[in-house]
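Reader: Could you take me on a close look at one part of this model? I would love to hear about a single charged side chain and its surroundings.

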Amino acid sequence: MYWGYTVRLAKGLHGLVHDCPYKGGYDLKLGTSEHGQVVQPGSLLLPRFKHLLVAFGGPDGLEDCLQHDRKLQGKLPVDVFDLYLNTCPGQGSRTIRTEEAILISLSFLQTAVTRYGGF
């Protein structure tokens, strides 16, 4: 089974989270950051979901994205996302390019997404 992913352009982080193309919105919103919770991939527990959003920040992370979105200023990632995870613990560099982070994160999430997704 190929579960794939879709990329879409949104007007700010608020638009990404709240202007969902699916009726009823996203069942699960996941933010990624080196500041997120560290969990071993095999022990990651997710609630059942049909539509998952995985958000990646820029070089200064989702925290910086939140501070530059007028509708979300003052909020923390844990206020906006259901889960806030470090999908690349011990990364060894200050930043990871987004195209690398996507592959690393999808690999990290694969077991849990297959187990809990698509109800």
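Author: Happy to! Lys29 is buried (under 20% relative accessible area, with a 1.4 Å probe and protein chains only; exposed is over 50%, partly exposed in between), yet Lys29 has no salt bridge (a side-chain nitrogen of Lys or Arg within 4 Å of a carboxyl oxygen of Asp or Glu). The nearest side chain of opposite charge, counting Lys and Arg as positive, Asp and Glu as negative, and leaving out His and the chain ends, is Asp82, 4.1 Å away. This is a predicted model, where local features need pLDDT of at least 70 and side-chain atom pairs count only at pLDDT 80 or more, while totals for chains, interfaces and linings use all residues. Residues are numbered from 1 along each chain as its sequence is written, and side-chain values use heavy atoms, without hydrogens and water.

Beyond its neighbours within four places in sequence, Lys29 is in contact (heavy atoms within 4.5 Å) with Val17, Leu53, Val80, Phe81, Asp82 and Leu83. Lys29 sits in strand E1, residues 28-38 (strands are DSSP runs of at least two E residues, numbered from the N terminus). E1 belongs to an open sheet of three strands, ordered E2-E1-E3 with parallel pairing (at least two DSSP bridges between two strands). Strands E2 (52-56) and E3 (83-86) stand at the edges with a single partner strand each, so one side of each lacks a neighbour in the sheet. Five bridges join E1 to the parallel E2, and Thr32 has Phe56 in E2 as its bridge partner.

How values were computed:
Helices (H or I, at least four residues) and strands (E, at least two) are DSSP runs, numbered from the N terminus.
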